[in-house]
Structures are given as C-alpha cells and as structure tokens.
Amino acid sequence: MSRIDEIMKVEGFKSLTPIQEATVNRKDKSKDFVGISTTGSGKSHAFFMPIFDMIDPEKNEVQAVISVPTRELAYQLYERSKGMAAHFGVRVRLVIGGTEKKEGGLTPQIVIGTPGRMKDQFLDDKTLRLDTAKIMVVDEADMTLEFGFLEDVDAILDHMKNAVVMVFSATIPDELQPFLKKYLNNPDVVRIGSDDDFAANVTHYQVPLKHKSYSEKLKDVLPAINPYVCLIFANSNKEAHQISEDLRKEGYQLVELHGDLEARERTKAIRDINSQKKSYIVASDIASRGIDLEGVTHVISCGLPKDLRFYFHRAGRTGRAGRDGLAIVLTGEKDQTAIENLKKQGIDFKVMDVKNNEFQPVKDRTVRMKKRDETLEAVTKLVHKKKGKVKPNYKKRQRQEIEKLHRRAKRQKIQDEIRKQKKERAKAKQREKGNR
C-alpha cells in the first residue's frame with residue numbers, strides 16, 4: 001500500500017477531489033506548483049498528501065513548512081494533521097503567536113505557522129531552522145498578500161534555496177505575480193475553480209430592516225431557516241459582539257469570532273467550530289477568512305461591507321460542492337446604492353421579508369411606485385386638461401373621473417393581494433402534502 005493510499009484510509013477518503021488529484025498525480029514532483037481553488041475544495045490534503053509522502057520520520061530536521069496568514073487557519077491545519085502525523089510517526093509543530101504546540105521539545109519535521117512568528121523564530125531568535133525544508137507551502141496566498149504578510153514569507157524563502165514551493169490560493173491577483181516570478185521556476189499551474197463559481201448554486205435574498213436593528217431583524221429571520229451551519233457577518237468587531245450578546249439572550253448557541261477576542265478565546269472559538277456542535281457563527285470578515293468552514297448552508301450579512309468584494313467572499317462560503325446555498329442581506333436605506341452596484345455585477349437579489357416564520361416576497365418598490373405614478377399621471381392630465389367651452393357640472397364630472405381612477409387603482413391592489421394569497425395557500429397545501 002502506498003503512503004497516499006494509507007493517508008486516504010486514515011482520513012476516511014473514498015476518492016480524491018480535483019485539486020488533490022492534480023497535486024498527487026503530478027509527473028514531476030520536484031517542480032514548483034500553483035493551485036488555484038476555493039476554500040473547501042480539499043486544498044489542505046492536496047499539500048498534506050505530498051508532504052507526508054516524502055517525510056522521513058528518522059530525520060531529525062524540519063522537512064516541510066506550511067505558511068498560513070492567520071492563527072485560526074494555522075490551528076485548524078495543525079489539528080487536521082494530527083491523525084496523519086500519529087500514523088506515520090511524524091512530529092508537527094504549530095508556530096503562532098500566543099500559544100505554541102511542541103512535540104516533546106524535539107525538532108519538528110513539519111512546521112505549520114503564521115509568517116511573522118515563523119520568521120521571528122527562524123531569522124531573529126534562531127531557535128528553529130527552516131532552511132532544511134524540502135517543501136514550502138504558501139497557503140491562502142491572496143490573503144497573505146492582502147494582510148501584508150508577504151514580506152515575511154519572502155524573508156523565509158530567501159533562505160530556502162532547495163525547497164519545492166507550492167502556492168495555493170482562491171485567486172491570483174496581479175500584485176502576487178512578482179512574488180511568484182521570484183520564487184517559482186516554471187511551475188505547474190492548475191486552476192480548479194474560483195469564488196465566482198458559487199453564483200449558480202446560491203440564492204440571494206435582500207431583507208429590508210424596516211427601522212429594526214440587525215439583532216431585532218435576525219430574531220425574525222433565524223426561525224425561518226433550518227441551517228446546518230449559518231455564518232452571520234458583521235461589519236465591525238463591535239457589531240459582531242453586540243449581535244452575539246443579543247442572540248445569546250434569545251437562547252441561541254453560537255460561536256463568536258472577531259479581532260477583539262483574546263488569543264485564548266479565538267482558539268476556543270476555532271475548537272467549537274471544528275467540533276460542529278453549534279450551528280451559528282457570528283464573525284467579522286477578517287476573522288472568518290482565516291477559517292476553513294465546511295457545510296455552510298446559510299450566510300447572513302448584517303449590512304454590506306464598504307469593499308463589495310467582501311460580499312462575494314461572504315456569499316462564496318455557501319453553495320459549494322454542488323450544494324445549494326442561501327445568502328441573506330439585511331439592508332437599510334444606506335445599503336441601496338451598494339445593492340444596485342452588486343446587481344450590475346450579476347447578483348440577482350430577491351426582495352423578501354418574514355411573516356409567520358416564512359420568507360415571503362416583497363413587491364418591488366419600483367413596481368409599486370410605477371403603478372402609483374400612472375394613477376397620478378392620469379389624475380394630473382384630467383386636472384390640467386385644456387378646457388374648451390365649459391359644460392354644466394364640469395367640476396362634478398371631473399371629480400367623479402378622479403374618484404373612478406382611484407377606485408380602479410384600489411381594486412387592482414386588492415386583486416393583486418388576492419392573487420398573492422391564493423399562491424401562498426397553494427404553496428401551503430403542497431407543503432402539507434409533502435409532510436404527510
């Protein structure tokens with residue numbers, strides 16, 4: 001049995017994902033590699049497999065280094081590596097700020113850590129040699145660039161002349177190209193998918209706040225969904241904390257994750273997420289991008305972020321692996337411009353509200369305004385109609401015509417409401433039949 005087969009058995013894999021196949025079945029494994037694939041597509045094992053395949057447990061030196069931009073993601077990878085490490089007798093060390101995991105003080109054979117902390121131990125404190133590594137993995141490279149950690153990775157790689165460099169990322173922005181050209185020599189490039197791929201499987205709801213706070217509106221929305229995992233985004237750490245506190249008072253068991261938490265609290269939050277015992281996670285954008293979440297069925301945005309690219313990151317957390325997802329945005333008047341911009345970028349929002357714990361469509365305001373304007377226009381024409389010879393009772397007849405227009409508009413509104421109620425009753429009957 002090959003080591004890859006052993007890993008699949010240990011990890012309970014029946015088959016490989018496309019990104020895993022691309023790395024495992026490479027003809028020349030001494031070549032550098034770029035894997036472009038979304039979070040949740042199996043990237044972690046795509047680099048764990050070749051690493052554990054080449055590790056020599058008898059060699060007392062660092063043989064592989066995995067760089068990730070956040071402590072949360074580093075911790076998740078460390079936890080994920082434990083089963084494979086125990087099976088092959090390999091030592092793994094987690095190198096992050098705050099808490100560090102050491103295997104009996106011995107030299108690790110695999111190091112998983114954040115760029116800054118690894119650089120400190122390697123180049124400043126000189127307590128950990130990384131230049132002996134044969135593989136250097138840069139995971140979530142676009143996020144590493146975005147958070148300003150690429151210089152630390154650059155400094156580490158400057159001292160690793162013989163390592164095969166493997167870069168994994170959801171996207172490859174132009175600003176990343178100089179780094180790739182500097183350290184990767186004619187790499188194999190595999191593109192499995194991108195964050196844009198979520199669009200086909202994700203339904204987008206816009207739910208107006210109607211003068212309610214985010215917490216108050218969430219109390220309406222949450223009973224209308226039955227999530228496996230629901231990720232709730234706030235635009236600031238303060239908002240994330242307030243929403244978490246308000247929902248806890250309502251009895252919701254949730255994980256709170258944002259930048260204002262202490263290192264120990266963030267580690268506990270990641271443990272809770274990994275255990276998948278809680279269905280609700282309230283997070284900020286930055287903190288959530290540092291975790292690998294599986295089984296997200298619903299994403300709720302409390303308002304829209306200033307940088308609308310983050311909306312795509314948010315919504316892209318669901319609707320993966322061929323599954324359907326629902327992205328809900330709670331919006332106030334200040335968000336309408338952002339909504340229009342997202343529509344221009346191809347997002348089809350359905351305007352919805354919640355009644356009796358069910359989502360129901362809200363008539364588009366522009367349609368309602370149009371009907372109202374048509375009635376107003378007709379009335380205006382009557383009032384300002386050029387008068388020829390004034391006939392007896394002219395004003396009385398004009399008033400009657402105006403009243404007739406208003407009655408017609410009111411009748412149309414009632415008919416629309418009746419049709420809507422009929423549709424709702426028909427849907428309710430179908431649901432009853434389905435539940436029998």
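Me: Rings of Phe, Tyr and Trp (its six-membered ring) pair if their centres lie within 6.5 Å, and planes under 30 degrees apart count as stacked, over 60 as edge-to-face and the rest as tilted. How many aromatic pairs does the structure hold?

Reply: The structure holds 11 aromatic pairs. This is a predicted model, in which local features need pLDDT of at least 70 and side-chain atom pairs count only at pLDDT 80 or more, while totals for chains, interfaces and linings use all residues. Residues are numbered from 1 along each chain as its sequence is written, and side-chain values use heavy atoms, with hydrogens and water left out.

Me: What makes Phe33 and Phe168 an aromatic pair, and why is it called tilted?

Reply: The ring centres are 5.6 Å apart, so they fall within 6.5 Å and count as a pair. The planes make 50°, which is neither under 30 nor over 60 degrees, so the pair is tilted. Phe33 sits in strand 1 and Phe168 in strand 6 (residues 164-169), so this pair ties together parts that are 135 residues apart in sequence. Helices (H or I, at least four residues) and strands (E, at least two) are DSSP runs, numbered from the N terminus. Phe33 and Phe168 also belong to one aromatic cluster, together with Phe47, Phe48, Phe52 and Phe88.

Me: Why is the pair of Tyr252 and Tyr280 called edge-to-face?

Reply: The two planes stand at 80°, with the ring centres 5.4 Å apart, so the pair is edge-to-face. Tyr252 lies in the loop between helix 10 (237-249) and strand 10 (254-257), and Tyr280 in strand 11 (residues 280-284), so parts 28 residues apart in sequence are tied together. Tyr252 and Tyr280 are both buried.

Me: How do you know that Cys230 is in no disulfide?

Reply: The nearest cysteine sulfur, that of Cys302, is 9.3 Å away. A disulfide needs two cysteine sulfur atoms within 2.5 Å, so this pair does not qualify. The structure as a whole holds 0 disulfides.

Me: Why does Cys230 count as buried?

Reply: Its relative accessibility is 0%. Buried means under 20% relative accessible area, exposed over 50%, partly exposed in between (1.4 Å probe, protein chains only), so Cys230 meets the cut-off. Cys302 is buried too, at 0%.

Me: And what about Gln20: buried or exposed?

Reply: Gln20, a residue of helix 2 (residues 18-24), has 3% relative accessibility and therefore counts as buried. Leaving aside neighbours within four places in sequence, Gln20 is in contact (heavy atoms within 4.5 Å) with Phe13, Ser15, Gly42, His45 and Ala46.

Me: What makes strand 1 (residues 33-36) and strand 7 a pair?

Reply: They share 4 bridges in the parallel sense, and strands pair if DSSP finds at least two bridges between them, so strand 1 and strand 7 qualify. Within this pairing, Gly35 stands opposite Val190 in strand 7.

Me: How are the strands of this sheet ordered, and why is one side of strand 3 and of strand 7 without a neighbour?

Reply: The sheet is open, with 7 strands in the order 3-4-2-5-6-1-7 and parallel pairing. Strand 3 (92-95) and strand 7 (188-191) stand at the edges with a single partner strand each, so one side of each has no neighbour in the sheet.
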